[in-house]
Amino acid sequence: MALDEALQRLRRSPVFTRGVTAWKKLPAREGRYAAFPPALDHRLQQALQQRGIERLYTHQAASVAAAMRGENVVVVTPTASGKTLCYNLPVLHTLLCEPSSRAMYLFPTKALAQDQLHELQTLAEAVGGGIRAATYDGDTPTSSRRTIRDQAQIVITNPDMLHAGILPHHTKWTGLFTGLRYVVVDEVHTYRGVFGSHVANVIRRLKRICAFYGSRPQFICCSATIANPLDLVQRLIEETFTVIDDDGAPKARKHFILYNPPLINRELGLRRSPLLEAQRIASEFLESGVQTIIFARARQATEVLLTYLREELRNKRNPDLAPERVRGYRGGYLPRQRRAIEQGLRRGEVRGVVATNALELGIDIGDLAACVMTGYPGTIASAWQQAGRAGRTSEVSAAVLIAGGSPLDQYVITHPRYFFGRSPEHALINPDNLAICTAHIQCAAFELPFRDGESFGRFPHTAAVLDFLAESGLLHRAGDAFHWMHDSYPAEAVSLRTGSNDNFVIVDITAGQETTIGEVDAFSAPFLIHEEAIYIHEGQAYQVQKLDWEGRIAHVQAVNTDYYTNASTSSNVQVLSETERALEGGALKAYGQVLVTTKATGFKKVKLHTHETLGWGEINLPEQTLQTTAYWFSVGDEVLEQLREEGIWVPEPGGYRGPNWETQRRLARQRDGFRCQHCGAPEKPHRQHDVHHLRPFREFNYVPGQNDAYLQANRLENLITLCRGCHLRAEAALMMRSALGGLGHLLRHVAPLHLMCDPRDLGLITEPRSSFTRQPTITIYEQVPAGVGFSEEMYRRHRDLLEAAHDVAAHCPCVNGCPACIGPANEKGENAKAHTLRLIEKLLQTEDKGARHPIPLTAYPKTM
């Protein structure tokens, strides 16, 4: 009743309904059932009947029967559809019939493993037979580990522990590997990208050790709905699989609402902050007594939104809803904090939780009735997973997806049919990534010597890698075998999750003593815990007083502040090699290896609630390099000539700025106190600051020897002193508003529609004249080491991406461009949006001619 009343109030609100692009009422659905498989142990059937389960859902019965026939199974059904029984029943049946058998469960997180252990033990105790199950992860006490190794019939762990804590010590796990009958891999859709590529190689090592001990386990996998579950599991496990995807579980009524925040400036396309909209909508549910989960995209957004909600509750003084009954939940919280929050949700003591996707997976957090998603979570699969956290047992639930201002968010929110149709997303992995395979071959050689001619799964270059490692002194070839010879422990040096073994500890020094309150991975540290950063934890703001980069410690102090900090970065990309290139219409497209250099350059202070910028600061931390893969394309001469004739492509001239340029440049720097006017950084002895034209120099139409337009262009009031980093960002902002920059902005944000990744997994650089292609070029690179296949997929889907980009810009209500389409509008570039659309149309029209063919390697010159 409380939820229905809250929904009725929202429906009566003109402010809310004006932003609703879809209000889909998903009807309740009766379950479809099947009898227990006749061969299923009668003790299991009796235990289920005692719990009120007289029959199985059809997909449960089908998966159990397939597993009992000896098939590898992947179950692809929505959240809360009872997938747990799909693997628990065949595993327990086998252990009851063959007590010497063993099973291993792999979950992507320790929290999910603990949650599933409770469910498994409850069923095992009801069955009897003394089946022993235990978790084995980093939190397992040392005193319990030997007992688990010797006695546990079901070992529940995660890929990280299997990689570093079990496989290298397989001689202590002889009983497990000798009798291993089943390996369960849950939430298999999360094993994508670089993490999935690593896990695929861990599975190769697992199967290799099993073969050594004479076992060949079956695999039972479970996945959320994605476009390619069979392809994913077969690449991940390298076995044939049976797909079970006909969901027979009943469904409760659900209201699924797509909501676009109101425009506050139509001309600029600016919308109200999704954080503020989430606060308003979540408050409506919470104040109605509806237990609610609110998802945010990032750690900082989680804490900011938690702060907003608690402030509102504190002001309203509702005796039944104290601010402390709304909690935060994200990575960086200590395990005991997360367990307490989970328990509070199950008991109903915690009425609301603001979380990152750390709560997206199937951890039992009770009977939540409403879910508010602050921004599109990046994939349709994740959106349905998050929405499924509400309504697991209630008769009716609600999920509200609030769009952010990015092109991806706006595409999804304005295309309800796309969202509610079948997911087009492909989970991509690259198990044969050379760098990843080489690392895991070292780990495998430490575990067992390689025989001459032995392959590592289906990796085609095993012999070459073994020879290379032998030449490097890491392996020693003796007879027909390669033995590990180095003193190091290779698994310790291989992280399955970027930065997981290189975290920064956050220490609170407010009370005069050091208290650890959280941690941050090394890659995020320059952006989240630089000195003077505001780090928000459980709604409390802390300012970073000191960052010990070498010691990996950030010292923070609690503060009362009305702002938070947001770091900015600069990147450049160097092409190392090409894998493939082709002429497709008016563009020369390619993908290959690149080197990306990224540096946190500065930060701004953003006022809470109003989100206005209060000031800036400089960040002086080491730059980070990343070797990865990228997709790029350059605009061909035919298209450029057409754009020049229409006055669309007018590149900024380089070099000469008139005879008085050096004088005016010196005077501008002197006037500005030799400090950057954006971040305040002083000039350094080895490099002068840059001087930037506020109105682009090209707009003055200076022609040497024909006019003196440079005098107006170089007036001091048109010049500003900027450090190199801020100048690059200023030039990038100008390019962002051009046709090329507008297209790049669109492509980076619509590509995840096809890649099942987050826009933040991709980086972008646009160049009016690339040093590599010598043409106007757009480069989109993968922000993971060595790449995982996104670049090749973008290369293949070149035309699809162009069409999606055009669709977003053409349907955006702004006049001259905005963050939801081509990027922020330029005060002087009122035609930037029209020019971007025209560029895309030219590329698409040219492609319609059917030109799509490989080109010779001499098509554009090499400069490296």
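How far apart are the mean positions of the positive and negative charges of the protein? In this predicted model, the mean positions of the 95 positive and 93 negative charges are 2 Å apart.

**Figure 1. Overall view of the predicted model, with its secondary structure and its dimensions.** The protein contains 29 helices and 35 strands, and its C-alpha atoms fill a box of roughly 95 × 75 × 65 Å along the principal axes. For 864 residues a compact globule would have a radius of gyration near 29 Å, and the protein agrees with this because its own value is 29 Å. Of the 864 residues, 56% are buried, while the accessible surface comes to about 35,700 Å², with 49% of that area belonging to carbon and sulfur atoms. Among the contacts with a separation of 6 or more, 73% are made by residues that stand 24 or more positions apart.

**Figure 2. Close-up of Leu 89 and the residues around it.** Leu 89 is part of helix 5, which spans residues 83-97, and it counts as buried because its relative accessibility is 0%, where buried means under 20%. When residues up to four places away in sequence are left aside, Leu 89 touches Leu 40, Leu 44, Leu 48, Leu 56, Val 64 and Leu 123. Ser 63 is separated from Leu 89 by 26 residues in sequence, and the C-alpha atoms of the two are 9.7 Å apart in space.

**Figure 3. Close-up of helix 7 (residues 142-151) and its buried residues.** The buried residues of this helix are Arg 145, Ile 148 and Arg 149. Seen down the axis of helix 7, these residues fall within an arc of 95 degrees, and they therefore line one face of the helix. An α-helix has 3.6 residues a turn, so residues three or four places apart point the same way. The buried residues of helix 7 pack against strand 6 (133-135) and helix 8 (159-166), whereas Ser 143 and Arg 146 are exposed on the other side of helix 7.

**Figure 4. Close-up of helix 22 (residues 661-671) and the strands that cover its buried residues.** Trp 661, Gln 664, Arg 665, Ala 668 and Arg 669 are the buried residues of helix 22. Their directions, seen down the axis of helix 22, fall within an arc of 135 degrees, so these buried residues line one face of the helix. The elements that cover them include strand 31 (690-693) and strand 32 (719-722). Helix 22 is followed by Gly 673, which has a positive phi near 70 degrees.

**Figure 5. Close-up of two loop residues, Glu 532 and Arg 552, that have a positive phi.** Glu 532 is found in the loop between helix 20 (525-528) and strand 24 (534-537), and it has a positive phi of about 80 degrees although it is not a glycine. With a relative accessibility of 41%, Glu 532 counts as partly exposed, because this value lies between the 20% limit for buried residues and the 50% limit for exposed ones. Arg 552 has its place in the loop between strand 25 (540-548) and strand 26 (553-558), and its phi is near 60 degrees, a positive value in a residue other than glycine.

Key:
Residues numbered from 1 in each chain as written. Predicted model: local features only at pLDDT ≥ 70, side-chain atom pairs only at ≥ 80, totals over all residues. Heavy atoms only, no water. Helix = DSSP H or I, 4+ residues; strand = E, 2+ residues; numbered from the N terminus. Rg over C-alpha atoms; globule rule 2.2 N^0.38 Å. Buried < 20%, exposed > 50% of the residue type's maximum accessible area, 1.4 Å probe, protein only. Contact = heavy atoms within 4.5 Å. Areas by Shrake-Rupley, 256 points an atom, 1.4 Å probe, with all protein chains shown as cover. Lys, Arg positive; Asp, Glu negative; His and termini not counted. Charge placed at Lys NZ, Arg CZ, Asp CG, Glu CD. Arc of directions from axis to C-beta.
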